[in-house]
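Reader: I am in my first year and would like to learn how to read one part of a structure slowly. Could you choose a single part and take me through its surroundings with care?

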Amino acid sequence: EQYGYVTSCPSNLGTGMRASVHVKIPNLTADGTDAKAKEVCKPLGLSVRGTGGEHTPIGADGTVDISPSARLFIKEKEIIGKLYEGIEKLMAIENA
């Protein structure tokens, strides 16, 4: 009671690790939003955020924060692997 309470989002249980990268995807964000990027990323198992974190806008140049959606019951090396594979596919779509 003296110090308050520690809370955590259940999606951060498990390894406690969230790996992400900032990438420029100007073609997928040409309308100034991340809507198309989210539509493309969801089936790839990726989450899209603004560059300042959750609920922040994308960069003016189309820069977004990309991370794997899955963090529960997954090993650290699997998180990195999924991020790498997902970014590879995302960039292929961006550059098509």
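Author: What follows is a close look at one strand and at two of the residues on it.

The model is a predicted one, and the part I have chosen is strand 3, which covers residues 63–68. To place this strand, start with the sheet, which is open and has three strands in the order 1-3-2 with antiparallel pairing. Strand 1 (21–24) and strand 2 (46–49) stand at the edges and have a single partner strand each, so one side of each is left without a neighbour in the sheet. From one strand to the next, the twist averages 40°. Between strand 2 and strand 3 there are four bridges in the antiparallel sense, and leucine 46 is found opposite proline 68 of strand 3. Helix 2 (residues 76–94) lies across strand 1, strand 2 and strand 3, and runs at about 135° to strand 3.

Now take isoleucine 66, which belongs to the largest nonpolar core, a group of 17 residues in which Val23, Ile25, Val64, Ile66 and Leu90 touch the most other members. Two or more residues of this core come from each of helix 1 (35–41), strand 2, strand 3 and helix 2, with helix 2 giving the most, namely four. Leaving aside neighbours within four places in sequence, the contacts of isoleucine 66 include Val21, Val23, Cys41, Leu46, Val48, Leu83, Ile87 and Leu90. In general, nonpolar side chains of soluble globular proteins tend to be buried together.

Aspartate 65 also lies in strand 3, and with a relative accessible area of 6% it counts as buried, because that value is under 20%. Its side chain meets that of arginine 18 in a salt bridge of 2.5 Å, N to O, and this pair links distant parts of the chain, since arginine 18 sits in the segment before strand 1, 47 residues apart from aspartate 65. Arginine 18 itself is partly exposed, at 28% relative accessibility. A polar contact of 3.1 Å also joins the side chain of aspartate 65 to that of serine 20. Leaving aside neighbours within four places in sequence, aspartate 65 is in contact with further residues, among them His22, Ser47, Val48, Arg49 and Gly50.

The salt bridge of aspartate 65 is one of four found in the whole structure. Another joins the side chains of aspartate 61 and lysine 24 at 3.4 Å, N to O; aspartate 61 lies in the loop between strand 2 and strand 3 and lysine 24 in strand 1, so this pair ties together parts that are 37 residues apart in sequence.

Definitions and conventions
Residues are numbered from 1 along each chain as its sequence is written. This is a predicted model: local features need pLDDT of at least 70, side-chain atom pairs count only at pLDDT 80 or more; totals for chains, interfaces and linings use all residues. Side-chain values use heavy atoms; hydrogens and water are left out. Two strands pair if DSSP finds at least two bridges between them. Axes are lines fitted to C-alpha atoms, for helices over the stretch in contact, and angles run from 0 to 180 degrees between N-to-C directions. Contact means heavy atoms within 4.5 Å. A nonpolar core is a set of buried Ala, Val, Leu, Ile, Met, Phe, Trp, Tyr and Cys residues joined through side-chain atoms within 4.5 Å. Buried means under 20% relative accessible area, exposed over 50%, partly exposed in between (1.4 Å probe, protein chains only). A polar contact is a pair of N or O atoms within 3.5 Å; within protein, one must be able to donate a hydrogen and the other to accept it, and residues adjacent in sequence count only if both atoms are side-chain atoms.
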